[in-house]
Amino acid sequence: MGIYLNPNADAFEMGYNTPCYVDKSMLVDELNKLVGSMGNFVCISRARRFGKSMAGNLISAYYSKGCDTREVFSKMKIGQVADYDRYLNKFNVIKLDLNGWYQNSIQQRRTDSMIMDLHKALAEEFKETFPSLKIKLTDSLGQCILKAYAKFWEKFVIIIDEYDVLAREQVPQKLFDEYLSFLNSLFKDTTLRPAIALAYITGIIPIVRDKIQSKLNEFREYTMINPYQFAGLIGFTKEEVSELCDQYGLDKAECRRWYDGYKMSATVDLYNPLSVVRAIETKEFDNYWTTTSSFESLKKYIMMDFDGIKRDVISMIAGNSVPVNVLKFENTIDSINSKDNVFTYLIHLGYLTYNKAEKSCLIPNAEVRTEWINSIEDEKDYRAIMSIVNASKRLLDDTIGGNEEAVAKALDAAHTEVTSVLTYNDEHCFQSAICLAYFYANTRYTLVKELPTGKGYADLVLIPYLPNIPALVIELKHNKSAKNYCQALNNYKGDLLFVGINYDEKTKIHSCKIERVD
């Protein structure tokens, strides 16, 4: 038993003993199907704080010879699978946190020797675990594995967390070249391949094509865009969050509004695990995930001067989705040379979610939308848009108060500013302007666009999740009197306002009619 070779299950048990632990053990069931096959090199990329490290701890605790976890896994979901224990504690596990190694090397001012130190530490543990082997401290990890396999036919599971940290941190070329050599010695040596029962690496971004793909081209990738069978196995599904809300008395609708929105497949939506857990612990909905990194990391990309990026940023902040081509991105910061590259990168980082069926992206939830607002708040190019956002509380108050003239004037300003970027008389632009103007309503309402009704649809419906405020049904018209006729929310039991908004394309002036329904 060692720290890196055949680790114990302490890290896994710390998570397992957490009161709001979610059982993701069926991840192991999917991996068991790949063990010993040509698909047994797996790379799973997910956004920050989506549970990648906890998944690595789970996998290590299942496969590692360094622990006995039969009792705990027999009680988990995988324990219900007939042959759940076929690989239980059967393999030599090598588990590495590459980000931890990198951060320690910085603190010790040993980045120049980081890879050499890594090989040496692993060689020392191999000498202890396999004392009869002639292991030298200068042996690479690949050489150590091969010696153990050649003599004992021992097979290994390799787990590397944050495999992409050196690519993301843009480290000196010498260190990066040594890292490529490290990967090459592990995953490109055909004589070593039979000794590896499973290789499981995780990171934030997919395999960087122009830097390390040649060293990792044996890996099958499962990303935020194409997660395939692993879609619901890292991160919290809506069913899992629903159970947590029931158990801890958390409001389901509010939890969904804050933290849901990552559409991984036609049937799987994910919540941000960190944020859900923190909301359970604090009993408050707040921005938890976004506080784990500076919003400057988002600002850097959305402020890039690519054609159409400002238009689409405004549209997404207003709550719309925009088209995106995710196929051109090279999975490296250096290759970001278009709006599509920017948005694809932000999908991998978790600032956007991808709808594969529609080939579009959007801001997933209220928590992340706050980060987008923080990113543009002080930027000159977005100053006019921020003035609309900042005035949105007054507009909502005027709407609820029935001040039709004030509402019309506010919408005049909003529509003018939005159409300076979007097409002036476009219906989509009109709706975007209205949604931006009512941006503050997101803190009190669930906004539903184009809600189906018996006679068409309501353009925008605001359903309150706080007490003592009315629901709003907003209809948008061009060149007509602002009178509402839609049947939306006919059976709604609370206070209800119909808000008819008309836009005259000739005068470029809005009119408003507000009716209260008992």
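Helices here are DSSP runs of H or I with at least four residues, strands are runs of E with at least two, and both are numbered from the N terminus. Counted that way, the protein has 21 helices and 16 strands. This is a predicted model, in which local features need pLDDT of at least 70 and side-chain atom pairs count only at pLDDT 80 or more, while totals for chains, interfaces and linings use all residues. Residues are numbered from 1 along each chain as its sequence is written, and side-chain values use heavy atoms, with hydrogens and water left out.

**The whole chain**

The C-alpha trace spans about 90 × 45 × 35 Å along its principal axes. Of the 518 residues, 55% are buried (buried means under 20% relative accessible area, exposed over 50%, and partly exposed in between, with a 1.4 Å probe and protein chains only). Contact means heavy atoms within 4.5 Å. Among contacts with a separation of 6 or more, 69% join residues 24 or more positions apart.

**Two helix pairs**

Two packed helices are described by the angle between their axes and the distance between the axes. The axes are lines fitted to C-alpha atoms over the stretch in contact, and the angles run from 0 to 180 degrees between N-to-C directions.

Let's begin with helix α15 (residues 309–317) and helix α16 (residues 339–349), whose axes come within 10 Å and cross at roughly 35 degrees. This crossing is right-handed (the near helix is turned clockwise from the far one by less than a right angle; anticlockwise would be left-handed). From α15, the contact uses Ile309, Arg311, Asp312, Val313 and Met316, and from α16 it uses Lys339, Val342 and Phe343. These residues divide into five nonpolar, no polar and three charged (Ala, Val, Leu, Ile, Met, Phe, Trp, Tyr, Cys and Pro count as nonpolar, Asp, Glu, Lys and Arg as charged, and the others, Gly among them, as polar).

In the other pair, helix α19 (residues 392–400) packs against helix α20 (residues 404–419) at an angle of about 150 degrees, with the axes 8 Å apart. Their crossing is left-handed. Here Leu395, Asp398 and Thr399 of α19 meet Ala406, Val407, Ala410 and Leu411 of α20, a set of five nonpolar residues, one polar and one charged.

**Charged side chains**

The whole structure holds 21 salt bridges, each a side-chain nitrogen of Lys or Arg within 4 Å of a carboxyl oxygen of Asp or Glu. Here are three of them:

| Pair | Closest N to O |
|---|---|
| Glutamate 30 and lysine 33 | 3.2 Å |
| Arginine 70 and aspartate 85 | 2.9 Å |
| Aspartate 398 and arginine 394 | 3.4 Å |

Arginine 70 lies in helix α4 (residues 70–74) and aspartate 85 in the loop between α4 and β2 (92–97), so their bridge ties together parts 15 residues apart in sequence. Arginine 70 is partly exposed at 38% relative accessibility, and aspartate 85 is partly exposed at 24%. Aspartate 398 and arginine 394 are four residues apart in helix α19, a separation of about one helical turn. Aspartate 398 is buried at 12%, whereas arginine 394 is exposed at 57%. Glutamate 30 is buried too, at 18%. Elsewhere, Glu162, Asp164 and Arg168 are linked in a salt-bridge network.

Aspartate 340, in helix α16, is buried yet has no salt bridge. The nearest side chain of opposite charge, lysine 328, is 4.8 Å away (Lys and Arg count as positive, Asp and Glu as negative, and His and the chain ends are not counted). Leaving aside residues up to four places away in sequence, aspartate 340 touches Pro323, Val324 and Asn325.
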